[in-house]
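Please find below a colleague's note on the aromatic side chains of the entry, set out as numbered points.

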Amino acid sequence: MNRRRFIASALTAAAASSVGVGCERKEFDLLIAQGLVFDGLGNEPAVMDIGVRGDRIVALGDLSGRSCHRWINAAGMAVTPGFIDVHAHSDVALLANPNAESKIHQGVTTEICGNCGDSPYPLDEVRSRETIAALQRQYELAVNWRDLAGYFDQVEKNGVCLNVAVLVGHSSLREAAMGPDDRAPSATELRTMCAILRDYLALGALGLSTGLEYKPGMYAETGELIDLCKEVAKQGAVYATHLRNEDLRVEEALDEALAIGAAAGCRVQISHFKACQKRNWPKTSRLLKTVDRARRDGLEVCCDRYPYTAYSTSLKLLFPVWSRAGSDEDLIARLSNEREWLKIRAFVQDKIEALGSWESVLITRVSSPERKQCEGQTVARLAGDDDPYDFVRQLMIDAKGDVSMCGFAMSEEDTAAVLTYAHTMVGSDGDSLAPYGVLSRGMP
Ligand SMILES: [Zn+2]
């Protein structure tokens, strides 16, 4: 059975609306009157009425005087199809709380999850043990599925108040097939990855995602990704990629993504398209030109971008790749070693100079209860008169490496340029939150 989630047409009134009853005949179940209607097809918006029967729009235009069960006066408001959040991370959050309040209240009715190489499937009992434990800890639920079919069943059983479409995360796929190691897959392991991907695409996954700045996805050579993307191409699916680098080497990273798409013959989606750090901002226009050139050469490539100038990630990403090799305990051991710390510190110093200052690093979530008060504050403020590098080092050690941050690294002008680019879609890069329960943790 094909489990692809069909996107139902849905309507969102952009602000509070007045609801009235009083029609005598029942031609429509719902009549939305006099809203400025954006039809989602790119046509100029126009003031009109919308007649809905069941879950279908059955009439558009001047419907004054027509009968209905329920009538909404949308005069002075915009009416649009439900928004699609093309880059979301709500995979397990939707199981922890199916109401998806932070999304629904913004008009999002469809989320595409499984981005940045990270999906809660496949999960191997042994090789994914740490991932399973981390998910259970973070969301306080039993992770009792292991594959995409099991995940879909769980979502269906639980119920969810928006439409969900998914990608297969390459890091998750790699971890389940060969563990978290920094090495190339054997021929057998690569075949296993391809077979699982093939099955999941047949089951309805929209494509493959990578997170090439994160472990273990970052260990993949280009060739491994081309082989996997050939499976993607066979099923007309998409390769959505968080590039290998988004600052100093972002141009090379974009070239790699486009080369993978061209070699495999699949569509490419550049995730949260951006050039981080002031010194790299001039690259944005060149990056967009590169995408244009690839499109002219016949590659179907699009981008997505969130409408803010800060990115959100693990604090670990401030540290050099070599220091993050292995487990979090390995990272903490390196941070605790004076000689290693000096090398790490020099690297971090360069990153912070590129970001501007520690004012640009906001701590958003800390796992250890003793350091919770750090959430919502910049490192500059938290460190006060103390050395901010030593502060961050100690915070990482105290929280065993589990700290999240926002980095203010992008320009407002570039953000506008990317968002208004003809082939950009809007994605939040966020997971659904709630003002209570496990989804209320962290800031934001
Ligand atoms: Zn990402």
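1. In this predicted model, the ring of Trp322 has a charged neighbour: the charged end of Lys343 sits over the ring, 5.2 Å from its centre.

2. Turning to contacts between rings, the structure holds 6 aromatic pairs. One of these joins Tyr306 and Tyr308, whose ring centres are 4.9 Å apart. Their planes meet at 15 degrees, and because planes under 30 degrees apart count as stacked, the pair is stacked.

3. The two partners of this stacked pair may also be described by their accessibility. Tyr306 has a relative accessible area of 2% and is buried, whereas Tyr308, with a relative accessible area of 37%, is partly exposed.

4. Trp358 and Tyr389 form an edge-to-face pair, because their planes stand at 80 degrees, with the ring centres 5.2 Å apart. Trp358 belongs to the loop between α11 (338–355) and β17 (361–366), while Tyr389 is in helix α13 (residues 388–398). The pair therefore ties together parts that are 31 residues apart in sequence.

5. Are the partners in this second contact buried or exposed? Trp358 is buried, at 6% relative accessibility, and Tyr389, at 9% relative accessibility, is buried as well. Both values fall within the buried class because the cut-off is under 20% relative accessible area.

6. Finally, one aromatic cluster deserves mention: it is formed by Tyr121, Trp145, Tyr151, Phe152 and Tyr200.

How values were computed:
Residues numbered from 1 in each chain as written. Predicted model: local features only at pLDDT ≥ 70, side-chain atom pairs only at ≥ 80, totals over all residues. Heavy atoms only, no water. Phe/Tyr/Trp six-rings, centres within 6.5 Å; stacked < 30°, edge-to-face > 60°. Buried < 20%, exposed > 50% of the residue type's maximum accessible area, 1.4 Å probe, protein only. Helix = DSSP H or I, 4+ residues; strand = E, 2+ residues; numbered from the N terminus. Lys NZ or Arg CZ within 6 Å of the ring centre and 35° of its normal.
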